[in-house]
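This report walks a new reader through one protein model, moving from a salt bridge to the overall fold, the cores and a pocket. Please keep the sequence and the structure in view while reading.

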Amino acid sequence: MAKTYELKIQTAHNDEEIWAYSKGHHEDAAFSAAAKKFGCQKDDDEDEGYQLEAIVRSHMRMVPLHDSTGMQLWPAEQSDRGAFPVTMAVCYWVRPEQGKKGDLCHC
């Protein structure tokens, strides 16, 4: 039986992008609503916040950074050791204070 995950929005970043993600494969409407509540989606063009790109479902795993200062998300196959399902979307707009939070993502 497949493990189920609570829909909990987190952010990850690399040098070019910020991602909103949640462990588990979630429906688009539920993921979008949770991301909006978290502050990851604009209500309109005047609103400050993130704007999500297309939602994707994949598998990732957490691996340690080389300098042992934290963890990073890394693409994985479903059968890989430590892999988990993830629902994610690229964020178009980034608040400076939000851009420094979360894990590194090598998506």
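## A salt bridge and its partners

D28 has a relative accessible area of 37% and is therefore partly exposed. In this model, which is predicted rather than determined by experiment, D28 forms a salt bridge with R57, and the closest N and O atoms of the pair are 2.4 Å apart. Because D28 belongs to helix α1 (residues 28–38) and R57 to strand β3 (residues 56–64), the pair ties together parts that are 29 residues apart in sequence. R57 likewise counts as partly exposed, at 39% relative accessibility. A search of the whole structure finds 1 salt bridge.

## The overall fold

How many helices and strands does the protein chain have? Its secondary structure comes to 1 helix and 6 strands, and these follow one another along the sequence in the pattern β-β-α-β-β-β-β. The chain has 107 residues, of which 36% count as buried. Among the contacts with a separation of 6 or more, 61% are accounted for by residues 24 or more positions apart.

The table sets out the accessibility of three residues that lie in strands.

| Residue | Strand | Relative accessible area | Class |
|---|---|---|---|
| T11 | β1 (residues 10–13) | 7% | buried |
| H59 | β3 | 15% | buried |
| W74 | β4 (residues 71–75) | 36% | partly exposed |

Two pairs of residues give a sense of how positions separated in sequence are placed in space. T11 and S22 are 11 residues apart in sequence, and their C-alpha atoms are 8.5 Å apart. W74 and R61, which are 13 residues apart in sequence, have a C-alpha to C-alpha distance of 5.4 Å.

## Nonpolar cores

In soluble globular proteins, nonpolar side chains tend to be buried together. Which residues make up the largest nonpolar core here? This core has 10 residues, namely I9, I18, A20, F31, A35, C40, L52, I55, A89 and C91. The elements that give two or more residues to this core are strand β2 (18–23), helix α1 and strand β5 (84–91). There is also a second, separate core of 9 residues, which includes Y21, M60, V86 and V90.

## H59 and the largest pocket

H59 is found in strand β3 and, at 15% relative accessibility, counts as buried because buried means under 20%. Leaving aside residues up to four places away in sequence, H59 touches H25, W74, P75, A76, E77, Q78, F84, P85 and V86.

Rolling a probe the size of a water molecule over the atoms shows where empty space is left. About 210 Å³ of space lies in the largest pocket of the model. What lines this pocket? The lining consists of A2, K3, T4, Y5, G24, H25, H26, H59, Q78, A83, F84 and P85. By class, 5 of the lining residues are nonpolar, 6 are polar and 1 is charged. H59 is thus one of the residues that line the largest pocket, and H25, Q78, F84 and P85, which H59 touches, are also among the lining residues.

Technical notes:
Residues are numbered from 1 along each chain as its sequence is written. This is a predicted model: local features need pLDDT of at least 70, side-chain atom pairs count only at pLDDT 80 or more; totals for chains, interfaces and linings use all residues. Side-chain values use heavy atoms; hydrogens and water are left out. On a 1 Å grid over the protein atoms alone, a cavity is a set of points where a 1.4 Å probe fits but cannot get out, and a pocket is an open set with protein on both sides within 12 Å along at least five of seven lines; lining residues have an atom within 4 Å of a point. Grid points are joined across faces, edges and corners, and a volume is the space filled by probe spheres set on the points. Ala, Val, Leu, Ile, Met, Phe, Trp, Tyr, Cys and Pro count as nonpolar, Asp, Glu, Lys and Arg as charged, and the others, Gly among them, as polar. A salt bridge is a side-chain nitrogen of Lys or Arg within 4 Å of a carboxyl oxygen of Asp or Glu. Helices (H or I, at least four residues) and strands (E, at least two) are DSSP runs, numbered from the N terminus. Buried means under 20% relative accessible area, exposed over 50%, partly exposed in between (1.4 Å probe, protein chains only). Contact means heavy atoms within 4.5 Å. A nonpolar core is a set of buried Ala, Val, Leu, Ile, Met, Phe, Trp, Tyr and Cys residues joined through side-chain atoms within 4.5 Å.
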